[in-house]
Protein chains: 4
Amino acid sequence: MTAEPQSSPRADFTSPFLIVNPKAYLGSADTLKLALLTDELAGRFGIDVIFTAQHVDLRMVAEATKNLTVTAQHMDPIVKGRGMGHILPDSLVEAGAKAVVLNHAEHQLTLAALDATLERAREVGLMTIVCADTDAQCRAIATLGPDIMICEPTANIGTGQMDAGDYIERTTRIVKDVDPSILVIQAAGVSRGTDITRVLEQGADGSGGTSGIIKHPDWREILTEMFTAIQDFKNRA
Amino acid sequence: MTAEPQSSPRADFTSPFLIVNPKAYLGSADTLKLALLTDELAGRFGIDVIFTAQHVDLRMVAEATKNLTVTAQHMDPIVKGRGMGHILPDSLVEAGAKAVVLNHAEHQLTLAALDATLERAREVGLMTIVCADTDAQCRAIATLGPDIMICEPTANIGTGQMDAGDYIERTTRIVKDVDPSILVIQAAGVSRGTDITRVLEQGADGSGGTSGIIKHPDWREILTEMFTAIQDFKNRA
Amino acid sequence: MTAEPQSSPRADFTSPFLIVNPKAYLGSADTLKLALLTDELAGRFGIDVIFTAQHVDLRMVAEATKNLTVTAQHMDPIVKGRGMGHILPDSLVEAGAKAVVLNHAEHQLTLAALDATLERAREVGLMTIVCADTDAQCRAIATLGPDIMICEPTANIGTGQMDAGDYIERTTRIVKDVDPSILVIQAAGVSRGTDITRVLEQGADGSGGTSGIIKHPDWREILTEMFTAIQDFKNRA
Amino acid sequence: MTAEPQSSPRADFTSPFLIVNPKAYLGSADTLKLALLTDELAGRFGIDVIFTAQHVDLRMVAEATKNLTVTAQHMDPIVKGRGMGHILPDSLVEAGAKAVVLNHAEHQLTLAALDATLERAREVGLMTIVCADTDAQCRAIATLGPDIMICEPTANIGTGQMDAGDYIERTTRIVKDVDPSILVIQAAGVSRGTDITRVLEQGADGSGGTSGIIKHPDWREILTEMFTAIQDFKNRA
């Protein structure tokens, strides 16, 4: 938390940015295909990308790409030793991961485990991305000082429906009020470039998604649309 | 369960065998070092080996070795889709894993999850290795028809102390009485070649361990001792 | 397991029997109302009844009734000592509970926890009722020797839809093949007296339910219908 | 959160106060004995008391006492309906409970579950008491606005050893800095009246404990000592 910017895992990471989060939707071959395509576009657009993958695919993606922040979808608060079947943070770093997502609605942590895992992430130098749902959860997690937060109403995940009210502006502001240095991702229900434009205009630092990308019939098309939306927003700013 | 032997993931796997289970004790570089050494000895002795690794290291180990049954330390009963942070069975297979350990004392499953995960393992063609503790647990899990079982009294794990009573003979017999085709690993507290000889003589099909190998100052020495014990037992049989 | 019949918690419990399982559908006052009504009918029909209640209501129900096997909906494998917020088996007995349901689909246990909790139940003298879903789970749990099993396909719980195939006969037979002394409840989707007749004819020892009773506009009517179905089956046998 | 003081479940609760938390150490008869004794002393000293009990004993304790804030050791974020084996908040209220402890180190919750359970507590009118360990956890939970917090270093629970550093002052201040209306309990390792005096002097609003009381050979003696310490502190203030 007190590390100088130059040594922070977030040092070179710039807003606005894209998140591509295939969760468990893709096998290894498809993950690699999506990663290579995203890497190519990330390089061309000059935009930072959080790219998550199954643990088993992290090293493969890290070795095959150069413009992606390769990100684990979970890790455990363990040190070298026991922990059969749990994810050792140190090995994620050795495999080339630069960041880790924690507390996703599909893999929730106790507050004590989240606290301990954030501590381990700082020790090994991984950028931390923590998920939150309600206003209260967004505020509580912001006090823990993660590098990035994903605010999303659990009920909207995977629906292709964005929040119809002021969730995006409101939760982004809640996080920034606690700690303005935390970057905020708003991606629930995002499936088009215009959705990305909307959330960036409402204060988010990053956007992207899972099903909006994975289920699109033409990955190059939807990714190009999303990168373009981010680039346009950046140029206007 | 009803697959013909020739198509079973266990088809080419032969007793007696060794298990090398570094759990979360080793980072990627050390895991690779141990895997290469074990692979060399496995080839020289002509003995089958269950070799587990952190998920992030499975593909690396599978690509670098040729005599090991590369084994995941856990997986989740999910299909392609949601499941952020969970382990997709299909990707383990794509990464080169041939087997998976389930229900370890450090990563216990509900019976329903274990049942569903065994089903997924059969669908994707992974050999299943399930852990059990008490007599009752050994019997219950044997009815689920895993390929291999690890019977170990939880209290002895990592202690370097083997069970002083008849646990080894008794639980091995319980499993075989339910289903004689299940291979049984007895490895709790095993740290020497003579320990391996003892458990094989008492009916086990495989042995090996974690701390008994990892904490030994000379991996080549202890692995050679263990392989030799298995080879000697094999020759006597 | 080796206790003589006369000292078993199941000694006086007779098939066929009814289960009334309000889960968390009722507050204390409604639970008491349902318990008193069930108790009256149980006495009149001379039929045994498993009656579950929220932990907080167990003593109240036990003190107010005399014909019910008052049953906890869960307990933890703890002994007196630490265990903040967990359910101490010894106190259930002091409160007048005679049985406990374990491993319900809405409160699943690891196999090790189920094993340990069954052991605690035997120590304190509670009759054990364990839930299972698939054939494999029914078989595995039967080997653990509970007094009673609830076999139900998780997908049918609370739907008012009974299994359309041979689930009832098949799973009942699986359990009895492992241990003929285990009583089997089949209650998924049961909402009428004729449903109860059907499952008893197909081999079950007991039936009843949750939503089929709780959501019925006239508890006396539906309970009388269910008791009558059991009595008629008993008279025919 | 926005309820007026007069309608708050904490309206009549006054600092400094005592917490008597027998966890799962006592069966029903001993719980009643301890409750009656505490009730007598609470009345005599005119000091508020948080008294927790096993769920099964809550109604019994509430009916037998008049000066205790009868407190559940856990509850689940459910509404009337499904939830087999889970604790329904509405029934706790019907049984006479006035408060609930959440997120104890022995029964940890995910942040989302804690958030939802606090919401349910407010709906049914239960005072909320939430446990936290590290500075970061104390700060995060304080933002959720519980009525009371128990700050305790997990490593000290049940040891009879109090924190040797500035944990008590520091975490109490962290909580009050976030929300001065939250009452703070510091009780880890407290076993004597002088321990209570110390934590009250260091800023805590309440203290007491589990093993320091339960394991004392003379409950009347140790409780009197603790009540006296609180009374003396109150008189000095």
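A cavity here is a set of grid points where a 1.4 Å probe fits but cannot get out, and its lining residues have an atom within 4 Å of a point. With that in hand, here's a tour of this predicted model. The largest cavity is lined by residues of chain D plus A:Ala112, and the largest pocket has residues of chains B and C nearest its centre. Two chain pairs get a closer look: D with C, which bury about 3,300 Å² between them, and B with C, which bury about 1,400 Å².

**Cavities**

- Searching the whole structure turns up five cavities of 30 Å³ or more.
- The largest cavity holds about 90 Å³ of space.
- Its wall includes D:Asn103, D:His104, D:Ala105 and D:Gln108. Further along the chain, D:Cys131, D:Ala132, D:Asp133 and D:Gln137 line it too, as do D:Glu152, D:Thr154 and D:Ile157.
- Chain A chips in with A:Ala112.
- Sorted by class, that lining comes out as five nonpolar, five polar and two charged residues.

**The largest pocket**

- You get about 620 Å³ of space in the largest pocket.
- There are 14 residues in its lining, and those nearest the centre are B:Gln108, B:Thr110, C:Gln108, C:Leu109 and C:Thr110.
- The lining splits into six nonpolar residues, seven polar ones and one charged.

**How D and C pair up**

- Give chain D a turn of 180° with a shift of 0.0 Å along the axis, and it lands on chain C with an RMSD of 0.0 Å. The two copies are thus related as by a two-fold rotation axis.
- Look for D:Val56 if you want to find that axis: its C-alpha is the one in chain D nearest to the axis, at 2.3 Å.
- Both copies meet through the same surface, since 100% of chain D's interface residues are also interface residues in chain C.

**What holds the D and C contact**

- Each side brings its own set: 38 residues come from chain D and 38 from chain C.
- Of the roughly 3,300 Å² buried between these chains, 54% is on carbon and sulfur atoms.
- On the chain D side, D:Val56, D:Arg82 and D:Met84 lose the most area to chain C, together accounting for 25% of what that side buries.
- Four salt bridges cross this interface. C:Asp57 makes a salt bridge with D:Arg59, with the closest N and O atoms 2.9 Å apart.
- Polar contacts link 26 residue pairs across the D and C interface, counting pairs with both residues at pLDDT 80 or more.

**How B and C pair up**

- Chain B superposes on chain C with an RMSD of 0.0 Å after a rotation of 180° and 0.0 Å of shift along its axis.
- In chain B, the C-alpha nearest this axis belongs to B:Thr110, 1.9 Å away. B:Thr110 also turns up among the residues nearest the centre of the largest pocket.
- The same surface serves both copies here as well, with 100% of chain B's contact residues recurring in chain C.

**What holds the B and C contact**

- Chain B supplies 14 residues to the contact and chain C supplies 14.
- Carbon and sulfur atoms give 64% of the area of about 1,400 Å² buried between the two.
- For chain B, the residues that lose the most area to chain C are B:Leu111, B:Gln137 and B:Thr143, together 37% of what that side buries.
- The salt-bridge count between chain B and chain C is zero.
- Seven residue pairs are in polar contact across this interface, again with both residues at pLDDT 80 or more.

Terms used: Residues numbered from 1 in each chain as written. Chains lettered and ligands numbered in written order. Predicted model: local features only at pLDDT ≥ 70, side-chain atom pairs only at ≥ 80, totals over all residues. Heavy atoms only, no water. Least-squares fit on C-alpha atoms with pLDDT ≥ 70 in both. Contact = heavy atoms within 4.5 Å. 1 Å grid on protein atoms, 1.4 Å probe; cavity = no way out; pocket = protein on both sides within 12 Å on 5 of 7 lines; lining within 4 Å. Points joined across faces, edges and corners; volume = space filled by probe spheres on them. Nonpolar A, V, L, I, M, F, W, Y, C, P; charged D, E, K, R; others polar. Buried area = accessible area lost by both parts, 1.4 Å probe. Salt bridge = Lys/Arg side-chain N within 4 Å of Asp/Glu carboxyl O. Polar contact = N/O pair within 3.5 Å; in protein donor to acceptor, adjacent residues only side chain to side chain.
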